[in-house]
Amino acid sequence: MKKVYIFLFLVFIFFPNRAVFSSPFVERTIFTSIKTKISDIRPDELDIHNPRILPNSKIYFTKELLRKIQFLFAFNNERKAKHFIKTANEKLYEIKKISEKKSLDEEKLKKYLEKYEKDANNIHKYLGRIKDEKNIEKISKKILEQEFVKQRIFDYIQEKTKKSIVQKYKEKSLEKFGKFILKGGEKKANKKLKEYIDKNITFDKKSIQD
C-alpha cells in the first residue's frame, strides 16, 4: 500500500499540470492521510512562532522592516535561503490566521499570496548557489517536511475564504517543490519521499478505502 502512495505522489512531480494537481482522488489519498488534520496545523510545524502582527495590521510595516534588516545580516547563501524559508512560512501562516478571523476579498488575498510566493521563489534562488552538499541536504529535508504542512495550510485557507485563487498558488508551490526535489535525481527523490511517507502517513480506514 505504501508503494501506491509513493507512486501517487511521484505522479505529482513527473506530471506537474492542472489536471493532476486538481485530482480529488490524488489529493484525498495523499494529503488527507497526513497525521495532522488541516484544522490542527500548528506554527511549530513550520519552525515559526504564532504570529501576533498580521498583514492587515497598521504596524505590519515594522515587521517587514525587521525582516529586511535580518536579511542584511545573512552573509552567505545558506543563511539567505534559511531566511526566506522562515519568512515564506510566516507569511503563509499569517494568511491562515487572517482567514480564521475575517473574510478576505480576492484582491487582498492575492496580494498576500504574491508576497508569500516572492519569498518562496527566493528560497530556490539562494539554495541553488550553495556549494556544500551536506548543507543542501539538511535544508532539502526541511523543505520536504514542510511542503506537506504548507499544502494543508493552502487547503485550510481555501476552505475558509472560498476563493479559487488559492488553488493556483497551491499548485505553483507543489510544482516548484517537485522540480526542486528532482534536481537531486529521480532515485534520490524517491528515497526522500519514501522515508517521509513511511514516517508520516497513516493508513486509516478511510485512506485504505480510497
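This passage walks through the helices of a predicted model, from the whole chain down to one helix, one helix pair and one loop residue. Residues are numbered from 1 along each chain as its sequence is written. Local features need pLDDT of at least 70 and side-chain atom pairs count only at pLDDT 80 or more, while totals for chains, interfaces and linings use all residues, and side-chain values use heavy atoms, with hydrogens and water left out.

The chain is built with 10 helices and zero strands (DSSP runs numbered from the N terminus, helices being H or I of at least four residues and strands E of at least two). Of its 210 residues, 47% are buried (under 20% relative accessible area, with exposed meaning over 50% and partly exposed in between, for a 1.4 Å probe and protein chains only). Take the contacts between residues at least 6 apart in sequence: 77% of them join residues at least 24 apart (a contact being heavy atoms within 4.5 Å).

Helix α4 covers residues 60–72, 13 in number, and spans 19 Å from first C-alpha to last, close to the 18 Å expected at 1.5 Å a residue (that is, 1.5 Å times one less than the number of residues). Its buried residues are Y60, K63, E64 and R67. Looking down the axis of α4, these buried residues fall within an arc of 100°, so they line one face of the helix (the arc is that of the directions from the helix axis to the C-beta atoms). What do they pack against? The buried residues of α4 pack against α5 (77–101) and α6 (106–127). Over on the other side of α4, F61, K68 and L72 are exposed.

Helix α5 also meets α7 (residues 133–161): their axes come within 10 Å and cross at roughly 15° (axes are lines fitted to C-alpha atoms, for helices over the stretch in contact, with angles from 0 to 180 degrees between N-to-C directions). The two helices, α5 and α7, are therefore roughly parallel to each other, a label for angles under 35 degrees. On the α5 side, the contact includes I85, L92 and I95; on the α7 side, I139, I143 and I153 are among the residues involved.

Finally, D132 sits in the loop between α6 and α7. With 37% relative accessibility, D132 counts as partly exposed. D132 and E78 are 54 residues apart in sequence, yet their C-alpha atoms are 9.1 Å apart in space. E78 itself is one of the α5 residues in the contact with α7.

Note on methods
Angles under 35 degrees count as roughly parallel, over 145 as roughly antiparallel, 65 to 115 as roughly perpendicular and the rest as oblique.
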